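User: I am new to this structure. Please show it and explain the terms as they come up.

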Amino acid sequence: MTDDAPDLRASDADRERVAEILRDALAEGRLDMAEFEERLDATYRARTYGDLAPITRDLPAGQGAAAPVPRVSMTKEPAESGGWAGRITGGEGTSSWAVAVLSGFERKGRWTVPKRFNCFAFCGGGELDLREANFADGEVVINCVAVMGGLNVIVPPGVEVVVRGIGIMGGFDHREEGVPAEPGAPRVVVTGFAFWGGVGVERKVTRAERLRLKEERRQEKLDRRAARRELHSSFREDVEEAHRTMLDGHRDLMRERREERRRRED
C-alpha cells in the first residue's frame, strides 16, 4: 500500500498517530487550543487516509522547524506489544521538585516523572498531572508535603496508585487505591505529610480522550437513530404491504361475488 491510496480505510492506530502529532504541536505552541480541538475532532471523525493526511500537512514531525512534514503512513506497521512500554523511558526526569509558598505550581503535559519527585506547598497549592507524562521507572514516588496548603496528583486510567502519606489535621485521598493496573502500567506511590492541608489523588482521562469518547458516543447515538429510522421505515413498509394485500384480497372477493351474481342471473 502506497501514498496514492487515499481511499484506504484508516484504523484506530492511524488516528492515534495523527492525534499524537497534534498533541506535540499543542505542547510546542504551534496550535492553539481551538485549532487543536478542531483538528482532533476531525481526526477521530476521519474514515480514510485521504481524510487524515491534510490534518498534519502543515506540522513538523519532530522538534525544530527543519523537521520534515509528517505524512500518514499507508503501510500497516505491527502493533506495539503494550501501550505503556513506550512511556517507561528510564533515565532522569524532566524535573524532580516543586515548591509553592503563598503561590502555586503546575506540572502537566508531556514531561518525564523521575523515580522520586518532591513537592512542598505552604499556604499555596500545586498540581501534578501525569496523564500525558512519561515515567523514568516502573515505580515512581511522589513525595508531598502540604502545610496549610493543598497538592493534587492526577493519574491516567490503568495506573496503579498506592497512598502512604500521613495527615495531621489534614489528609491524603485514598479513593484511587485498589484499582487494578493495566499490564505494563507504572505504579505511582504517593507519600509525604499534610498538616492543616490535604493531598488529593484523582484519576482522569486526557482532554483528547474525552473528545474521542464524546465523538464515539455521538456516533453511536447517530447509528442508533439511523437503526430506529430503518426499523420504522421497514415496519411502515410492512404495514403498507399488508394493507395493499388486504385491499387486493377485498377487491378479488368483491369481483368474485359480482361474477357469481351475474352467473346466477344468467
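**Aromatic pairs and helix 2**

Analyst: Trp 111 and Phe 117 are both buried, a word for under 20% relative accessible area, with exposed meaning over 50% and partly exposed in between (1.4 Å probe, protein chains only). This is a predicted model, in which local features need pLDDT of at least 70 and side-chain atom pairs pLDDT 80 or more, while totals for chains, interfaces and linings use all residues. Residues are numbered from 1 along each chain as its sequence is written, and side-chain values use heavy atoms, without hydrogens and water.

User: Why is the aromatic pair of Trp 111 and Phe 117 called edge-to-face?

Analyst: Rings of Phe, Tyr and Trp (its six-membered ring) pair if their centres lie within 6.5 Å; planes under 30 degrees apart are stacked, over 60 edge-to-face, the rest tilted. Here the centres are 5.8 Å apart and the planes 70 degrees, so the pair is edge-to-face.

User: What makes Phe 195 and Trp 196 a stacked pair?

Analyst: Their centres are 5.5 Å apart, with 5 degrees between the planes.

User: Why does Trp 196 count as partly exposed?

Analyst: Its relative accessibility is 47%, so Trp 196 falls between the two cut-offs.

User: How do you know that the buried residues of helix 2 line one face?

Analyst: Those residues are Phe 36, Arg 39, Leu 40, Thr 43 and Tyr 44. Seen down the helix axis, they fall within an arc of 135 degrees (taken from the directions from the axis to the C-beta atoms), so they line one face. The face turned away from the buried side carries the exposed Ala 34 and Glu 38.

How values were computed: Helix = DSSP H or I, 4+ residues; strand = E, 2+ residues; numbered from the N terminus.
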